[in-house]
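Student: I'm new to this one. Could you walk me through it, one question at a time?

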Amino acid sequence: MTGLRYVYAVCRPFGAPLQAQLTGVAGAPPRQLVHHGLVAVFSEVPASDFAEEPLRAHLEDLDWLTGVARAHQGVIDALTVVTTPLPLRLGTVFHDDSGVRTMIEARERVFRRTLERLEGRVEWGVKVYAEVSPEQAQSGTPSAPAVSGQPVSGRDYLRRRSTQARAHETMWQRAEEFAGRLHATLCAHAEDSRLHNPQNATLSGAAGRNVLNAAYLVPRSRSEEFVELVDRTKDESKDETPGMRVELTGPWAAYSFVEEEQT
């Protein structure tokens, strides 16, 4: 092997095969390197793209980076089906097998502790959005209407603005309260959780204001129960708290629960 080693994850040895024809970054099939009883899953990638300098340049190319991220995630998803992977950061590259072995040895104790904690567990993501109607969105910057052909007084205009501001504040408060209740309920059915920063609507393209962006660590054996709980909440929210949208994603490898372990 003459290329660099792009490492996706570290895991324990597993017997089940990965899906047929699986390819990873640079179209290369994932391979396994076993060292000290741990497995590094990697692909051989060209130095022309993944050596330090070209990789740094490529990271500024959004299209290139998106393709690599998609291939990286595809391998992690395939691993999650057959084992409990400990995902490494995007763009983790070593010169050769020796570099991968050195990495395993340097972080072996952390890897083993983390894998022990995550064994048989997956991550579920839950987001809550407060959806604003077109009428509500427009009311944020109202114009002063005419009544019976006469302009509204400045006092009436300010009173209207104040009323609309209070209505918006009440709506967001209800959204935050709903998100808080949901998070507390889901935490009671998960082994661990992480609260992430709300998504920027401009960047994510999602409709509505993101009021909850959380990850939950759930035993694989209890995942069906967790999904059913979220689904029930979706249905109940339609009647109890109109305007709330709940999104569930997963199961994922436990990205949100390994970062602290690797620092």
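Student: What volume does the largest pocket have?

Tutor: First, this is a predicted model, where local features need pLDDT of at least 70, side-chain atom pairs count only at pLDDT 80 or more, and totals for chains, interfaces and linings use all residues. Residues are numbered from 1 along each chain as its sequence is written, and side-chain values use heavy atoms, with hydrogens and water left out. On a 1 Å grid over the protein atoms alone, a pocket is an open set of points with protein on both sides within 12 Å along at least five of seven lines, while a cavity is a set of points where a 1.4 Å probe fits but cannot get out; lining residues have an atom within 4 Å of a point. Grid points are joined across faces, edges and corners, and the volume is the space filled by probe spheres set on the points; for the largest pocket that comes to about 410 Å³.

Student: Which elements give two or more residues to the lining of that pocket?

Tutor: The lining is made up of Q73, E123, G125, K127, H196, N213, A214, A215, T249, W252, Y255 and S256. Helices (H or I, at least four residues) and strands (E, at least two) are DSSP runs, numbered from the N terminus. The elements that supply two or more of the lining residues are β6, β10 (209-219) and β11.

Student: How many residues of each class are in the lining of the largest pocket?

Tutor: Sort them like this: Ala, Val, Leu, Ile, Met, Phe, Trp, Tyr, Cys and Pro count as nonpolar, Asp, Glu, Lys and Arg as charged, and the others, Gly among them, as polar. For the largest pocket, the split is four nonpolar, six polar and two charged.

Student: How many cavities of 30 Å³ or more does a search of the whole structure find, and how much space lies in the largest?

Tutor: The search turns up one cavity of 30 Å³ or more. T80, T83, T84, P85, R121, V122, R220, A253 and A254 line the largest cavity, and they divide into four nonpolar, three polar and two charged residues. The space inside is about 40 Å³.

Student: Which residue forms a salt bridge with R5?

Tutor: A salt bridge is a side-chain nitrogen of Lys or Arg within 4 Å of a carboxyl oxygen of Asp or Glu, and the whole structure has 10 of them. For R5, the closest N and O atoms of the pair are 2.8 Å apart. The pair is 92 residues apart, with R5 in strand β1 (residues 4-11) and its partner in helix α4 (residues 97-118). That partner is D97.

Student: Is R5 buried or exposed?

Tutor: Buried means under 20% relative accessible area, exposed over 50%, and partly exposed in between (1.4 Å probe, protein chains only). R5 has a relative accessible area of 4%, so R5 is buried.

Student: Which parts of the chain does the salt bridge between E191 and R121 tie together?

Tutor: The side chains of E191 and R121 meet at 2.4 Å, N to O. Both ends are partly exposed, E191 at 42% relative accessibility and R121 at 23%. The two are 70 residues apart in sequence, so the pair ties together the loop between α6 (154-187) and β9 (192-195), home of E191, and strand β6, home of R121.

Student: Which residues do salt bridges that share partners join into one network?

Tutor: One of the pairs involved is E119 with R12, at 3.2 Å, N to O. E119 sits in the loop between α4 and β6 (121-130), and R12 in the loop between β1 and β2 (31-35), 107 residues apart. E119 is partly exposed at 34%, and R12 is partly exposed at 29%. The full network is R12, E116 and E119.

Student: Which peptide bond is cis?

Tutor: Most residues other than glycine have a negative phi, and most peptide bonds are trans. Here P251 is found in strand β11 (residues 244-252). The cis bond, with omega near 0°, runs from G250 to P251.

Student: What is the phi of Q21?

Tutor: Q21 is placed in the loop between β1 and β2, and counts as exposed at 76% relative accessibility. Q21 is not a glycine, yet its phi is positive, at about 65°.
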